[in-house]
Amino acid sequence: MVNSDAVATPAELYRKGNESFVSEDYDRAIELYTQALAQDGSIVECYAAKAQALIKKEQFQDAKREADRGVDVLRGLGSMEDDKVKVEIIKCLQRSAVASFNLGRFKEAKNTYSEAQKVSPNDKGISQWITWCDEKIAKFGEDASKKADTQPSGATSSSTSGGTSSSTTDSQPSSSLSTASTAPAPAATTTQESSNQMPVPKIKHDWYQTETHVIIEVRIKQLKADDVKIDFSPTTLSVTAKLSTGSEYSLELDLAHPTTPQQSSYKILSTKLEIKLRKEEGVRWNSLEGDGTAPVPGGAPPPAPAAGSSKTPYASGRDWNRIEKALADEAEEKKEGEAALNEMFQKIYADANDDVRKAMNKSFSESGGTVLSTNWSEIGKDKVDVKPPDGMEFKKWE
């Protein structure tokens with residue numbers, strides 16, 4: 001049997017990689033991006049995409065290497081006047097900086113963000129990250145990774161898939177881009193400093209959509225307006241917030257489809273942060289994150305998942321198609337007793353002509369619900385008497 005990946009074009013591999021990324025199958029996404037680049041190193045979107053997937057896997061050393069490689073290739077491909085090249089360079093620089101930040105190399109991260117700021121001077125999200133880098137440099141020094149890597153003789157360490165290490169006395173910076181999208185919290189340089197730090201809470205976000213908007217809910221309580229910064233762009237969303245614990249929360253999304261920033265907004269509630277993105281086109285989104293391409297015309301439903309796949313296109317993780325089918329099956333179950341009888345009468349009434357309906361209405365109302373007839377020629381002549389069930393007696397209420 002021929003492997004479909006072996007005959008796929010680089011563009012097709014990139015598209016499949018995006019699909020795997022959206023389904024949170026990051027290993028598969030990395031594999032497909034790597035295959036695409038092996039066939040054609042000029043598929044510029046693959047560098048930032050692969051780096052982002054590596055960040056999701058917390059493989060920060062590999063992510064930085066891939067992002068830096070993307071910057072070098074992109075600068076050799078075209079001028080900064082090329083919008084596509086410019087956008088991808090900014091993405092690669094940001095991925096590289098995020099990786100450095102998570103590795104504890106705060107000065108290196110700041111320098112990389114400064115390079116990105118030269119390309120995009122009005123990006124407020126980049127400015128916020130530079131501020132965070134300055135705060136970490138003041139607290140932990142320019143390179144906390146050197147202190148974290150220093151081990152006493154004979155200390156044991158274990159390399160992670162991302163190239164970082166941990167010892168019995170020191171801890172590495174925690175991820176800023178986990179599934180829960182929590183903000184980074186770098187490791188302290190001493191055990192005492194680490195114990196004095198407030199732990200970064202796990203913060204989740206969810207989303208749903210209407211015909212015109214995509215609504216994202218970030219579960220953070222008691223936020224203050226001055227501590228929240230949100231930057232809208234047609235294909236990205238940047239959220240930064242100062243938490244009550246003193247740590248920072250960051251959410252960076254490459255949106256699946258274009259939005260209209262001028263008509264997007266956010267609201268700070270007591271229990272959450274609600275962000276409303278105005279869709280550029282009023283069609284259905286199958287996922288929140290993607291490559292920013294235009295959605296399928298007509299809002300076509302998502303393709304059926306592959307056999308054995310447990311992923312669904314719904315943000316909550318529930319398979320609403322399966323739930324809807326179960327409800328329909330339940331409704332189709334054979335009814336018994338009074339329920340079955342009522343259903344039969346409803347069907348008769350719905351399919352009947354005017355005379356039958358008049359007979360049913362007249363007989364039922366005049367008999368106090370004790371007679372139901374479909375014969376208008378008989379019922380239409382006289383008033384219908386009450387006919388109580390056997391063993392019962394009808395009495396008027398005084």
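## Exposure and the model

A residue counts as exposed when its relative accessible area is over 50%, as buried when that area is under 20%, and as partly exposed in between. Lys118, with a relative accessible area of 63%, is therefore exposed. The structure described here is a predicted model, and the sections below take up one of its sheets, one of its helices and a selection of its salt bridges.

## The four-stranded sheet

Four strands, in the order 3-4-9-8, make up an open sheet in which the pairing is antiparallel. Strand 3 (205-209) and strand 8 (265-268) each have a single partner strand and stand at the edges, so one side of each is left without a neighbour in the sheet. From one strand to the next, the twist averages 15°.

Within this sheet, strand 4 (residues 213-218) and strand 9 (residues 273-278) run antiparallel and are joined by six bridges, and in this pairing His213 stands opposite Arg278 of strand 9. Strand 4 is also joined to strand 3, by five bridges and again in an antiparallel arrangement, with Trp207 standing opposite Ile216 in strand 4. Three residues lie between strand 3 and strand 4, and the two strands form a hairpin.

## Helix 2

Helix 2 (residues 10-22) consists of 13 residues, and the distance from its first C-alpha to its last is 18 Å, close to the 18 Å expected at 1.5 Å a residue. Its buried residues are Pro10, Leu13, Tyr14, Lys16, Gly17, Asn18, Ser20 and Phe21. Just after the helix, Glu24 adopts a positive phi of about 65°.

Helix 2 also holds a salt bridge between Glu19 and Arg15, whose closest N and O atoms are 2.8 Å apart. The two residues are four residues apart in helix 2 and are thus separated by about one helical turn. Glu19 is partly exposed, with a relative accessible area of 43%, and Arg15 is likewise partly exposed, at 42%.

## Salt bridges elsewhere in the chain

Side chains of opposite charge can pair when their charged atoms come close. In this model the count comes to 21 salt bridges, among them one in which the side chains of Arg95 and Asp254 meet with an N to O distance of 2.6 Å. This pair links distant parts of the chain, since Arg95 belongs to helix 6 (residues 83-102) and Asp254 to strand 7 (residues 248-254), 159 residues apart. Which side of the 20% cut-off do these two residues fall on, buried or not buried? Arg95 has a relative accessible area of 9% and is buried, and Asp254, with a value of 18%, is buried as well.

A further salt bridge joins the side chains of Glu115 and Lys118, at 3.1 Å from N to O. Both residues lie in helix 7 (residues 106-119), where they are three residues apart, about one turn of the helix. Glu115 is partly exposed, with a relative accessible area of 31%, whereas its partner Lys118 is exposed. In addition to these pairs, Lys64, Asp68, Arg105 and Glu108 are linked in a network of salt bridges.

Terms used: Residues numbered from 1 in each chain as written. Predicted model: local features only at pLDDT ≥ 70, side-chain atom pairs only at ≥ 80, totals over all residues. Heavy atoms only, no water. Pairing = 2+ DSSP bridges. Axes fitted to C-alpha atoms, helices over the stretch in contact; angles between N-to-C directions. Expected span 1.5 Å × (residues − 1). Buried < 20%, exposed > 50% of the residue type's maximum accessible area, 1.4 Å probe, protein only. Salt bridge = Lys/Arg side-chain N within 4 Å of Asp/Glu carboxyl O.
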